[in-house]
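Biologist: I would like to learn how to read a structure feature by feature. Where should we start?

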Amino acid sequence: MGKFKEEKIYYSDNETLKKITPYKGALIHGELKVFHKNGQLNRINIFKDGKLIDQKITSYNSSGNKIRETTIKDELYNGPIKSWWSNGKLKSEGTRKNDLNHGLFRFYNHKGELIFENNFTDGIGEKKVYNKEDFEDKNRITYYKGKKYTGILCYTVGGTGQTLD
């Protein structure tokens, strides 16, 4: 008996293409494509026999601009990760190890200027702020553990949040 292959196509409520998922039998197999509401490609993930294969994944915003590159190894985020602002300037860069931030991460403002660094060990970080006056999210309202923060909030995976101002 031959191997059965099919694609399932998912649409949002307004009939816009949302996702194309290839299957071999009951398992995802091939290029899974995810789309934004406007039909623009968001990302492609490649599966083999139901497992996410080692790969670099590039994500795009709804305008088609590259916004993130991540590395998958052993079905986890392992390796370099970078993100960009919508103007094309680098937003952040670092490394993931077993789905956790690990090593030096750098964060930049919309102009591409370094604003802070965070050195992580298995998801726990220590930050060094260079210019909190220029931190892009300084007026963002954030909720952390049910409390409202209106200043700069830096937090780590598995860590605690604290304001910097």
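Modeller: Start with a pocket lining, and keep in mind that this model is predicted. By class, 5 nonpolar, 4 polar and 4 charged residues line the second largest pocket.

Biologist: What volume does the second largest pocket have?

Modeller: About 180 Å³. Its lining has 13 residues, and Arg 43, Asn 45, Ile 57, Thr 70 and Tyr 77 are the closest to the centre.

Biologist: Which elements give two or more residues to that lining?

Modeller: Strand 5, strand 7 (55-60), strand 8 (66-73) and strand 9 (76-77) do.

Biologist: Let us stay with strand 5. Is Asn 42 buried or exposed?

Modeller: The cut-off for buried is under 20% relative accessible area. Asn 42 has 16% relative accessibility, so Asn 42 counts as buried. Asn 42 sits in strand 5, which covers residues 41-48.

Biologist: Which residues does Asn 42 touch, not counting those up to four places away in sequence?

Modeller: There are two runs to look for. One is Val 34, Phe 35 and His 36; the other is Thr 58, Ser 59 and Tyr 60.

Biologist: How many helices and strands does the protein have?

Modeller: The protein has 19 strands and 0 helices. Buried residues account for 33% of its 165 residues. Now take the contacts with a separation of 6 or more: 10% of them join residues 24 or more positions apart.

Biologist: Next, aromatic rings. How is a pair described?

Modeller: Two values do it: the distance of the centres and the angle of the planes. Here the count comes to 3 aromatic pairs. Phe 105 and Phe 107 are one of them, with 6.2 Å centre to centre and 25° between the planes, and this pair is stacked.

Biologist: What kind of pair do Phe 105 and Phe 120 form?

Modeller: Their planes stand at 75° and their ring centres are 5.3 Å apart, so the pair is edge-to-face. This pair links distant parts of the chain, 15 residues apart: Phe 105 is in strand 13 (residues 103-108) and Phe 120 is in strand 14 (residues 114-121).

Biologist: Are those two rings' residues buried or exposed?

Modeller: Phe 105 is buried, with a relative accessible area of 5%. Phe 120 is buried as well, at 4%. Together with Phe 107 and Phe 116, Phe 105 and Phe 120 form one aromatic cluster.

Biologist: What lies 5.6 Å from Phe 105, C-alpha to C-alpha?

Modeller: Glu 93 does, and the two are 12 residues apart in sequence. Glu 93 belongs to strand 11 (residues 90-97). Beyond its neighbours within four places in sequence, Glu 93 contacts Leu 104, Phe 105, Arg 106 and Tyr 108, along with Ile 81 and Lys 82.

Biologist: Charges can also be read against rings. Where does the charged end of Lys 8 sit?

Modeller: Over the ring of Tyr 23, 5.0 Å from its centre. Lys 66 lies over the face of Trp 84, at 4.6 Å from the ring centre.

Biologist: Last, the backbone. Which loop holds Asp 49?

Modeller: The loop between strand 5 and strand 6 (51-52). Phi of Asp 49 is near 50°, which is a positive value in a residue other than glycine. At 35% relative accessibility, Asp 49 counts as partly exposed.

Biologist: And where is Asn 98 found?

Modeller: In the loop between strand 11 and strand 12 (100-101). Phi of Asn 98 is positive too, near 50°. Asn 98 counts as partly exposed, at 46% relative accessibility.

Methods: Residues are numbered from 1 along each chain as its sequence is written. This is a predicted model: local features need pLDDT of at least 70, side-chain atom pairs count only at pLDDT 80 or more; totals for chains, interfaces and linings use all residues. Side-chain values use heavy atoms; hydrogens and water are left out. Helices (H or I, at least four residues) and strands (E, at least two) are DSSP runs, numbered from the N terminus. Buried means under 20% relative accessible area, exposed over 50%, partly exposed in between (1.4 Å probe, protein chains only). Contact means heavy atoms within 4.5 Å. On a 1 Å grid over the protein atoms alone, a cavity is a set of points where a 1.4 Å probe fits but cannot get out, and a pocket is an open set with protein on both sides within 12 Å along at least five of seven lines; lining residues have an atom within 4 Å of a point. Grid points are joined across faces, edges and corners, and a volume is the space filled by probe spheres set on the points. Ala, Val, Leu, Ile, Met, Phe, Trp, Tyr, Cys and Pro count as nonpolar, Asp, Glu, Lys and Arg as charged, and the others, Gly among them, as polar. Rings of Phe, Tyr and Trp (its six-membered ring) pair if their centres lie within 6.5 Å; planes under 30 degrees apart count as stacked, over 60 as edge-to-face and the rest as tilted. A charge sits over a ring if NZ of Lys or CZ of Arg is within 6 Å of the ring centre and within 35 degrees of the ring normal.
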